[in-house]
Amino acid sequence: MALQTQAGVSKKVQNKALVASLIGSSIEWFDFFLYGTMASLVFNKLFFPSSDPTVGLLLSYLSFGLPFFIRPLGGVIFSHIGDKIGRKKTLVLTLSLMGGATVLIGLLPDYNAIGIWAPILLVLMRLIQGLGIGGEWGGALLLAVEYSGKGRRGFFGSIPQMGVTIGMLLGTLAISMMSALPDDQFMSWGWRVPFLLSAALVFLGLWIRNGIDETPAFQEAKKTGNIAKVPIVDTFRYHWKAVLIAVGAKVVETAPFYIFSTFIIAYATNYLGYDRITVLNAVTIATLVTTIAIPYMGMLSDKVGRKPLYIGGTIAMMLFAFPYFYMLSLKSALWLTVATVIGLGILWAPVTAVLGTMFSEIFSTNVRYTGVTIGYQLGAALAGGTAPLIATALLSSFNSWVPIALYIVISGVISLIAVSATKETKDLDLDES
């Protein structure tokens, strides 16, 4: 379906779709980043106890990284449903899975209570989360993009990306509030509160999503019979190059992000001696900055194109990798905050803002859910789930931040090579790709 048919969609309906896309994405990532932060603060002590703190942290990060490798499976399952049955029904399923697992994490007994079953159950809940989020992002993206018009596709596609940072912001704020408790209370019950409270957010998200219609693009595809029998087969048969481009492009959007937002918490507190609240506040400020910047970057991409913003942001992050760690090494709360705001708040924003729109524009409607999801989730598995683990291992092996900075640079090189293989897509109708 060409984009011109979106002219019949009212602005009210478009805005409702944007809200549904944003709130679901925000809830999903609130749940996900909540775990990422707790992995470095709580789970390494309560669920993966070890005589060597580094080993406990590595095991905790391993549990953080495992779901990234099941996310492609979740992506295959739910994108198949999304391309066969519809975007809306799929998004209700993914949100229910993610939210249920998150609440159960808040109820789990720790290692001292049930021994080895504690980390086993924790990892099981994480795998269920991974299945849910595997299908969530693609659906939330398409809910926005397929309701947009051609001239606003970059803006609409950037809105679900705000959910990543809004979810992270909510998670970080919740943890900061609980961190104000005495350490013994925080470790005993305080860390559980944000997980349990997420139930209210999930019910809100389900209510909003149930109130929207299927996207015009999918309705038109269903009406004309343009539905793939087995979407994943058609995706790899006709769009294998686009999948590879998406996987490669995802690398620099993901690896540096987890360095700037998750790894920094353990690195700054355990290795550089920063106060935990100081680090969390720096990440919170940077997250607020990038949340504001993302929609503006999306609108800018509708004028100048996706590739210029993506390439510019990627090169800027590569150039900032070494100055970033040097600023952290100054052991100043001010420079820590400045470095985090520049890296996460400013330089990362243009890359993530255009990523989803760029992905959606290189796949046709009948396999779009499958294509964008597989490319995104494979890239996330390769570069996202491993990032804190690799960074911690590099730091432990070399006792220096230099290899981690090189790791960020290499991720940028990979993505630049991938994006060089695609053309500018802002002026295409969605089915011209």
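Let's start with one helix pair: the axes of helix α5 (residues 117–145) and helix α15 (residues 368–383) come within 9 Å and cross at roughly 125 degrees. That makes α5 oblique to α15, since angles under 35 degrees count as roughly parallel, over 145 as roughly antiparallel, 65 to 115 as roughly perpendicular and the rest as oblique. The axes here are lines fitted to C-alpha atoms over the stretch in contact, with angles running from 0 to 180 degrees between N-to-C directions.

Keep in mind that this is a predicted model, where local features need pLDDT of at least 70, side-chain atom pairs count only at pLDDT 80 or more, and totals for chains, interfaces and linings use all residues. Numbering runs from 1 along each chain as its sequence is written, and side-chain values use heavy atoms, leaving out hydrogens and water.

Which residues in α5 meet α15? On the α5 side they are I133, G134, G135, W137, G138, G139 and L142, and they meet R368, Y369, V372, T373, Y376 and Q377 in α15. Sorted by type, the residues of this contact give 6 nonpolar, 6 polar and 1 charged, with Gly counted as polar.

Now zoom out. The protein has 17 helices and 0 strands, taken as DSSP runs (H or I, at least four residues, for helices; E, at least two, for strands). Its C-alpha atoms fill a box of roughly 60 × 45 × 35 Å along the principal axes. Of the 433 residues, 62% are buried (under 20% relative accessible area, 1.4 Å probe, protein chains only). Among contacts (heavy atoms within 4.5 Å) between residues at least 6 apart in sequence, 86% join residues at least 24 apart.

Technical notes:
Buried means under 20% relative accessible area, exposed over 50%, partly exposed in between (1.4 Å probe, protein chains only).
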